Amino acid sequence: MSAGGGTKAIIAALGANAGIAAAKFVGFLVTGSSSMLAESVHSLADTTNQGLLLLGQKTSKRAADQEHPFGYGRDRYFYSFIVALMLFSLGSAFAIYEGVHKVGHPEPLESPIVAVIILLVAVGLEGYSFYTAIGESKKIKGDATWWGFIRQAKEPELPVVLLEDAGALLGLVLALLGVGLSVVTGNPVWDGVGTLAIGALLGVIAIILIVEMKSLLIGEGVTEAVLATIVDELAAGKVERVIHIRTQYLGPDELLVAAKLAMVPGLDTAELAMAIDDAEARVRAKVPVAKLIYLEPDLDRSLAK
């Protein structure tokens, strides 16, 4: 569900942003608004970002090989990290640069009504993309808050699209305010102020994404609730207790579980092998993403102390 939902949200965002970027560039050429230019570059960056997310989904499906024995699942995290960097460099840094320039050297807007119409159309298109991303995210976020979903999700695409779309909608509101205040007050410096606000907004979103994607790239384990489920399933049958356990996501849909188990005394080789196989089966039944499970039987030395 997560992969399909993520793809649907990405494609919706890709189509919306491509059309919006073209319209905004036309609006900038007509009006000379720096807010429109910042938003144009923002939408162009978002369009490129969605392409990178789709590329990450495709390359992550490559089969494991000798050089990468655990596969390429983390490609999705890598390309999502690149998306965050692009949002910061092409979106935030450019908008701040353009805003500083326009505040220092304000220029009157031409045909501001054109900018307003284009921005309002963009709000509708971004709203559709955002609505799609919310709908797909609800299928997998469970009882978590939206902030908790963004922080804890192992599927990077939906949090990225959610934050991008939220930032795009807020950015459009800021652009409308900048253009509107410039027209109402007759002072074009407000257009530059709106551009600076857009840059700051994109910077905050980019930093959040950089931090989260960096964490996934380094390697995250399961949540406490999932870990408790895995331990409960392992510590059953002929397993007395879990001595030691480590988990790590090799990709959004592939979890590595490694554990050392204290077994019931007196098992022969065949019974020990069967107990390990049963433990693996129990874990996979409750946590299907646990594709790679390595279990080591051992003596419970704590009892000897």
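**Exercise 1. Classify Trp146 by accessibility, then describe its ring partner and its charged neighbour.**

Solution.
Step 1. Trp146 has a relative accessibility of 33%, so it counts as partly exposed. The model is a predicted one.
Step 2. Turn to the partner, Phe149. Its relative accessible area is 5%, so Phe149 is buried.
Step 3. Place both residues. Trp146 and Phe149 are in helix H5, residues 146-152. They are 3 residues apart, which means a separation of about one helical turn.
Step 4. Add the charge. Lys141 lies over the face of Trp146, 4.8 Å from the ring centre.

**Exercise 2. State how many aromatic pairs the model holds and assign a geometry to each.**

Solution.
Step 1. The count comes to 2 aromatic pairs.
Step 2. Take Phe78 and Tyr79. Their ring centres are 5.2 Å apart and their planes meet at 75 degrees. Planes over 60 degrees apart count as edge-to-face. The Phe78 and Tyr79 pair is therefore edge-to-face.
Step 3. Take Trp146 and Phe149. The centres are 6.2 Å apart and the planes stand at 90 degrees, so this pair is edge-to-face too.
Step 4. Check burial in the pair of Phe78 and Tyr79. Phe78 is partly exposed at 37%. Tyr79 is buried at 17%.

**Exercise 3. Compare the end-to-end spans of helices H2 and H6 with the spans expected at 1.5 Å a residue.**

Solution.
Step 1. Helix H2 covers residues 34-59 and has 26 residues. At 1.5 Å a residue it should span 38 Å.
Step 2. The end C-alpha atoms of H2 are 37 Å apart, which agrees.
Step 3. Helix H6 covers residues 157-185 and has 29 residues. Its first and last C-alpha atoms are 41 Å apart, close to the expected 42 Å.
Step 4. Look past the end of H6. Gly186 follows, with a positive phi near 75 degrees.
Step 5. Return to H2 for burial. In H2, 20 of the 26 residues are buried, so the helix is largely enclosed by the rest of the structure.

**Exercise 4. Set the UniProt annotations against the secondary structure of the model.**

Solution.
Step 1. List the spans. The unreviewed UniProt entry annotates "transmembrane region" at residues 77-97, 109-131, 160-183 and 189-211.
Step 2. Test residues 109-131. This span is 87% helix and 0% strand, with its end C-alpha atoms 32 Å apart.
Step 3. Test residues 160-183. Here the chain is 100% helix and 0% strand, and the ends are 34 Å apart, C-alpha to C-alpha.
Step 4. Widen the view. The unreviewed entry also gives "domain: Cation efflux protein transmembrane" for residues 10-217. That stretch is 83% helix and 0% strand. Its end C-alpha atoms are 20 Å apart.

**Exercise 5. Find which residues touch the most other members of the largest nonpolar core, then trace contacts made by Ile230 and Ala279.**

Solution.
Step 1. The largest nonpolar core has 62 residues. Ile230, Leu234, Leu255, Leu261 and Leu295 touch the most other members.
Step 2. Follow Ile230. Leaving out residues up to four places away in sequence, Ile230 touches Ile245, Thr247, Leu255, Val257, Val283 and Val287.
Step 3. Follow Ala279, in helix H9. With a relative accessible area of 0%, Ala279 is buried. Beyond its neighbours within four places in sequence, Ala279 is in contact with Leu234 and Leu295.
Step 4. Contrast Ala273, placed in helix H9, residues 269-286. At 38% relative accessibility, Ala273 counts as partly exposed. The C-alpha atoms of Ala273 and Pro297 are 9.4 Å apart, across 24 residues of chain.

**Exercise 6. Locate Asp75 and Gly219 and decide whether each is buried or partly exposed.**

Solution.
Step 1. Asp75 is in helix H3, residues 75-104. Its relative accessibility is 16%, so Asp75 counts as buried.
Step 2. Setting aside residues up to four places away in sequence, Asp75 touches Gly56, Thr59, Ser60 and Arg62.
Step 3. Use Arg62 as a link. Its charged end sits over the ring of Tyr72, 3.8 Å from the centre.
Step 4. Gly219 lies in the loop between helix H7 (189-218) and helix H8 (224-234). At 25% it counts as partly exposed.
Step 5. Excluding neighbours within four places in sequence, Gly219 is in contact with Arg74 and Gln248.

How values were computed. Residues numbered from 1 in each chain as written. Predicted model: local features only at pLDDT ≥ 70, side-chain atom pairs only at ≥ 80, totals over all residues. Heavy atoms only, no water. Core = buried A, V, L, I, M, F, W, Y, C linked by side-chain atoms within 4.5 Å. Buried < 20%, exposed > 50% of the residue type's maximum accessible area, 1.4 Å probe, protein only. Contact = heavy atoms within 4.5 Å. Helix = DSSP H or I, 4+ residues; strand = E, 2+ residues; numbered from the N terminus. Phe/Tyr/Trp six-rings, centres within 6.5 Å; stacked < 30°, edge-to-face > 60°. Lys NZ or Arg CZ within 6 Å of the ring centre and 35° of its normal. Expected span 1.5 Å × (residues − 1). UniProt positions renumbered as here; feature names shortened; annotations may be inferred.
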